[in-house]
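This briefing goes through one protein model, topic by topic. Please keep the sequence and the coordinates at hand while reading.

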Amino acid sequence: MEQRFHTHMGDPTVELDGNRSVVITGRCAITLYSETEMRVRCGGLTVRVSGDGLELRTLDEAELSIVGLIAEVGFLTGEG
């Protein structure tokens, strides 16, 4: 089941495909990368993805996708 969460203009768009894939659209940078946690900074917001066997599937100027067993997706503000 795909879920879409749209935030304010300029913030990222996050799409979940069940618990196996997360697609983040927007101008973002990876600040933490491991098999159990990834953090993606998009302006003043950081998207935190935690789970198991996480890996970056795609990355370009406008979008990135993370695959693996997704346990949690959260948003951090400030330093994150």
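Does Ser21 count as buried or exposed? With a relative accessibility of 17%, Ser21 counts as buried, because the cut-off for that class is under 20%. The model is a predicted one. The points below start from Ser21 and its strand, then turn to the nonpolar core, the disulfide, the salt bridges and Gly74.

**Ser21 and the β2–β3 hairpin**

- Ser21 belongs to strand β3.
- Beyond its neighbours within four places in sequence, Ser21 is in contact with Glu15, Leu16, Ile66, Val67 and Ile70.
- Strands β2 and β3 run antiparallel and are joined by 5 bridges.
- One of the residues with a bridge partner in β3 is Thr13, which is matched with Thr25.
- The two strands, β2 and β3, make a hairpin that leaves 3 residues between them.
- In the turn of this hairpin, Gly18 has a positive phi of about 60°.
- Of the 5 residues of β2, 4 are buried, so the strand is largely enclosed by the rest of the structure.

**Nonpolar core**

- The largest nonpolar core is made up of 13 residues.
- Val22, Ile24, Val40, Val49, Leu54 and Ile66 are the members with the most contacts inside this core.
- At least two residues of the core come from each of β2 (13–17), β3 (21–25), β5 (37–42), β6 (45–59) and β7.
- Leu54, listed among the core residues with the most contacts, touches Val49 and Ile66, among other residues over four places away in sequence.
- The contacts of Leu54 also include the run Ser34, Glu35, Thr36, Glu37 and Met38.
- A further group touched by Leu54 is Val67, Gly68, Leu69 and Ile70.

**Disulfide**

- The count of disulfides in the model is 1.
- Cys28 and Cys42 form this disulfide, with 1.9 Å between their sulfur atoms.
- The two cysteines are 14 residues apart, and the pair links distant parts of the chain: Cys28 is in the loop between β3 and β4 (29–33), and Cys42 is in strand β5.
- The disulfide of Cys28 and Cys42 is right-handed, because the torsion about its S-S bond is about 110°.
- Cys28 is partly exposed at a relative accessible area of 24%, whereas Cys42 is buried at 2% relative accessibility.

**Salt bridges**

- The structure contains 4 salt bridges.
- Glu37, Arg39, Arg48 and Glu72 are linked in a network of such bridges.
- The side chain of Glu37 meets that of Arg39 in a salt bridge, with an N to O distance of 2.7 Å.
- Glu37 also forms a salt bridge with Arg48, at 3.0 Å from N to O.
- That second pair links distant parts of the chain, with Glu37 in strand β5 and Arg48 in strand β6, 11 residues apart.
- Arg48 meets Glu72 in another salt bridge, where the closest N and O atoms are 3.4 Å apart.
- Arg48 lies in strand β6 and Glu72 in strand β7, so their pair ties together parts that are 24 residues apart in sequence.
- Glu37 is buried, with a relative accessible area of 16%.
- Arg39 is partly exposed at 21% relative accessibility, as is Arg48 at a relative accessible area of 22%.
- Glu72 is partly exposed as well, with a relative accessible area of 44%.

**Gly74 in strand β7**

- Which strand holds Gly74? Gly74 is placed in strand β7, which spans residues 63–77.
- Residues up to four places away in sequence aside, Gly74 touches Thr46, Val47 and Arg48.
- Gly74 and Val47 are 27 residues apart along the chain, while their C-alpha atoms are separated by 5.8 Å.
- Arg48, touched by Gly74, is also a member of the salt-bridge network described above.

Conventions
Residues numbered from 1 in each chain as written. Predicted model: local features only at pLDDT ≥ 70, side-chain atom pairs only at ≥ 80, totals over all residues. Heavy atoms only, no water. Contact = heavy atoms within 4.5 Å. Core = buried A, V, L, I, M, F, W, Y, C linked by side-chain atoms within 4.5 Å. Buried < 20%, exposed > 50% of the residue type's maximum accessible area, 1.4 Å probe, protein only. Disulfide = S-S within 2.5 Å. Pairing = 2+ DSSP bridges.
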